[in-house]
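Me: I should like to learn how to read the features of a structure such as this one. Could we begin with charged side chains and then turn to the sheet and the surface?

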Amino acid sequence: MRAAAWIAGAEVIGFENRLKSPDSLKRKVATSLKEHPGQSAEDALATLSDAVRYTLQLRDDQYTDGVTTAARTLSAWGNDSTKWSNTWGRSQGHKGLNTVWRAPRSAQLFEVQFHTPASKQAQEATHKLYEEQRLPGTGPERKKQLQEQQNALFAAVPVPAGADRLTAPLPARVPVPLG
């Protein structure tokens, strides 16, 4: 990931937190098992897209070209893009680009978030609000207040030129041997 970031002119943010904590991993697996009776723990783990996660940060003026370069690089290295959630065009809520990839040899899923300094700062500022909003005991009125606070923080994030039109790279073509 560091090499892909370097090629794209991005900075890797929070590399030391790239692995989900054991407690968080257990909580996600338990939730998946509860929601999908009969599913094995191994199957639940295999579907987690953020057990391994990276954040690449680019300056606003380099964002669109940098994301395109990083995504093409990951794809050229054999990683398959399995999810591409571009929320830059939203009028409310989170702004950024969250992607999920599957590594070629291990089939391990990993998440790559692409941010600008302002979108990363807004994500960090809204994290506790989001966590409270997700709690089962949070009432509807409080959830609405929390969402409004998040919307206000993300509304102040500038959208880099072309960011709202970014799409997943086409799968890399594997040459077919002749003969």
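Reply: Let us start within one helix. Glu124 and Lys120 both lie in helix α5, four residues apart, which is about one turn of the helix. The model is a predicted one, and in it the side chains of these two residues meet in a salt bridge, with 4.0 Å from N to O.

Me: Is each partner of this pair, Glu124 and Lys120, buried or exposed?

Reply: Glu124 is exposed, because its relative accessible area is 52% and the class begins over 50%. Lys120 has 13% relative accessibility and therefore counts as buried, the limit being under 20%.

Me: What is the general idea behind such pairs, and how many salt bridges are there in this model?

Reply: Side chains of opposite charge can pair when their charged atoms come close. Here the count comes to seven salt bridges. One of them joins Asp50 to Lys28, with the closest N and O atoms 3.1 Å apart.

Me: Which parts of the chain does the pair of Asp50 and Lys28 tie together?

Reply: Asp50 lies in the loop between α3 (41-47) and β2, and Lys28 lies in helix α2 (residues 22-35), so the salt bridge ties together parts that are 22 residues apart in sequence. Asp50 counts as buried, at 11% relative accessibility. Lys28 is partly exposed, with a relative accessible area of 34%.

Me: Where does a salt bridge involve Arg59, and how accessible are the two partners?

Reply: The partner of Arg59 is Asp61, and the closest N and O atoms of this salt bridge are 2.8 Å apart. At 61% relative accessibility, Asp61 counts as exposed, whereas Arg59, at 47%, counts as partly exposed.

Me: Let us turn to the sheet. In what order do its strands lie?

Reply: One reads a sheet by following the pairing from strand to strand. This open sheet has five strands in the order β1-β2-β5-β4-β3, and the pairing is mixed. The edge strands are β1 (11-13) and β3 (80-86), each of which pairs on one side only. On average, neighbouring strands of the sheet are turned by 25° against each other, with direction ignored.

Me: How many bridges join β4 to β5, and what is the partner of Val100?

Reply: Strand β4 (residues 97-102) and strand β5 (residues 109-115) run antiparallel and are joined by six bridges. In β5, Glu111 is the bridge partner of Val100.

Me: Which strands does helix α5 lie across?

Reply: Helix α5 (residues 117-134) lies across β1, β2 (53-57) and β5, and it runs at about 115° to β5. This is the helix that holds Glu124 and Lys120.

Me: Now the surface. Which residues form a nonpolar patch there?

Reply: Trp6, Ile7 and Trp77 form a nonpolar patch on the surface, and together they have about 410 Å² of accessible area. Of these residues, Ile7 lies in helix α1 (residues 2-8). Ile7 is partly exposed, because its relative accessible area is 42%, a value between the limits of 20% and 50%.

Me: Finally, where does Ala161 lie, and how far is Ala161 from Thr73?

Reply: Ala161 lies in the segment after α6 (140-155). With a relative accessible area of 71%, Ala161 is exposed. A separation may be given along the sequence or through space. Ala161 and Thr73 are 88 residues apart in sequence and 21 Å apart in space, taken from C-alpha to C-alpha.

Conventions: Residues numbered from 1 in each chain as written. Predicted model: local features only at pLDDT ≥ 70, side-chain atom pairs only at ≥ 80, totals over all residues. Heavy atoms only, no water. Patch = residues over 30% accessible without salt bridge, like charges linked within 9 Å, V, L, I, M, F, W, Y side chains within 5 Å. Areas by Shrake-Rupley, 256 points an atom, 1.4 Å probe, with all protein chains shown as cover. Helix = DSSP H or I, 4+ residues; strand = E, 2+ residues; numbered from the N terminus. Buried < 20%, exposed > 50% of the residue type's maximum accessible area, 1.4 Å probe, protein only. Pairing = 2+ DSSP bridges. Axes fitted to C-alpha atoms, helices over the stretch in contact; angles between N-to-C directions. Contact = heavy atoms within 4.5 Å.
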